[in-house]
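Here are a few exercises to work through with the structure on your screen. Try each task before you read its solution.

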Amino acid sequence: SASQDLTLSGLDDGPKVETGDAPTAIQLDETSMFTANDSALTAVSGTTQTSFTVTEGADTAAAEYTVEVGTAPSLTALIDGDEYEVTLSGQGTNTLTGTANNQTIFTVAVSDAGLVTFTMTGNGTLQHPTGGDSHNEEQAITGLSVKCTVTDADGDVASASQDLTLSGLDDGPKVGTGDAPAAS
């Protein structure tokens, strides 16, 4: 008799993540935050859907969505007429919060299905580039993205990101005229 050694191996695969169409921009109008009968501002929000295609491979896999900050935007909030720097917290989690003077100014949250919700809370407004009589100025919140990370059962990881386009549209004061004074 004789024998020969065999060399057998299994080649592991891993999950894959590919991006689809970019999510649509979310632009919130601060005019919607104001109600004429109430001096308090109300929250406004909008949503957009990210687009990732996940291929699990031979092992089962789970996807996690997080909000990421690249170059943090420099933002200022107005609270009761005073300016405060906005700080961001929650980087790498499913909810990013913009806070100024211990008040939540906005949140950016992503669901387990990749749906992004941008909410301006009504606790303050974003400072816009110019003042005076200029209305509807846009203040972009730059440097944010959603990251989809897929991990399979034996620990292989793949990820991809999509940039977010978020902004707040300024409102302005309004003055209306009533009836003309009666002629005397």
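Two residues are in contact when they have heavy atoms within 4.5 Å of each other. Keep in mind that this is a predicted model.

**Exercise 1: a residue in strand 14**

Find T149: which strand holds T149, and which residues is T149 in contact with, leaving aside neighbours within four places in sequence?

*Solution.* Start with the location: T149 is part of strand 14. Next, go through the contacts, skipping the neighbours within four places in sequence. On one list you get A62, A63 and E64, along with V157, A158 and S159. Last, look at accessibility. Buried means under 20% relative accessible area. T149 has 17%, so T149 is buried.

**Exercise 2: the sheet around strand 14**

Work out the strand order of the open sheet that contains strand 14, and say which strands sit at its edges.

*Solution.* Three strands make up this open sheet, in the order 5-14-15, and the pairing is antiparallel. Strand 5 and strand 15 are the edge strands, since each pairs on one side only. On average, neighbouring strands here are turned by 20° against each other, if you ignore direction. Now zoom in on one pair: seven bridges hold strand 14 and strand 15 together in the antiparallel sense. As one spot to check, look for S145, which has D163 of strand 15 opposite.

**Exercise 3: another sheet, strand by strand**

Take the open sheet with the order 7-6-12. Which strands stand at the edges, and how many bridges join strand 6 to strand 7?

*Solution.* First, the sheet has three strands with antiparallel pairing. Strand 7 (82-85) and strand 12 (125-126) each have a single partner strand, so they stand at the edges with one side left without a neighbour in the sheet.

Second, count the bridges. Strand 6 and strand 7 run antiparallel and are joined by four bridges, and I79 has D82 in strand 7 as its bridge partner. These strands form a hairpin with two residues between them, and D80 in that turn has a positive phi of about 50°.

On the other side, strand 6 pairs with strand 12 over two bridges. There, L78 stands opposite T125, and A77 has L126 as its bridge partner.

Third, check the side chains. In a regular strand they alternate between the two faces of the sheet. Along strand 6, A77 and I79 point to one face and are buried, while T76 and L78 point to the other and are not.

**Exercise 4: into the core**

Look at the largest nonpolar core: which of its 33 residues touch the most other members?

*Solution.* The residues to pick are F106, V108, F118, M120, I141, L144 and L166. Several strands supply at least two residues each, among them strand 5 (61-69), strand 6 (76-79) and strand 14 (144-152). Then follow L144: leaving aside neighbours within four places in sequence, L144 is in contact with E68, V69, L96, V108, D163, L164 and L166.

**Exercise 5: neighbours from far along the chain**

Is D170 buried or exposed, and what separates the C-alpha atoms of D170 and E30?

*Solution.* Locate D170 in the segment after strand 16 (166-169). Its relative accessibility is 13%, so D170 counts as buried. Now for the distance: D170 and E30 are 140 residues apart along the chain, yet their C-alpha atoms are separated by 5.6 Å.

Note on methods. Residues numbered from 1 in each chain as written. Predicted model: local features only at pLDDT ≥ 70, side-chain atom pairs only at ≥ 80, totals over all residues. Heavy atoms only, no water. Core = buried A, V, L, I, M, F, W, Y, C linked by side-chain atoms within 4.5 Å. Buried < 20%, exposed > 50% of the residue type's maximum accessible area, 1.4 Å probe, protein only. Pairing = 2+ DSSP bridges. Axes fitted to C-alpha atoms, helices over the stretch in contact; angles between N-to-C directions.
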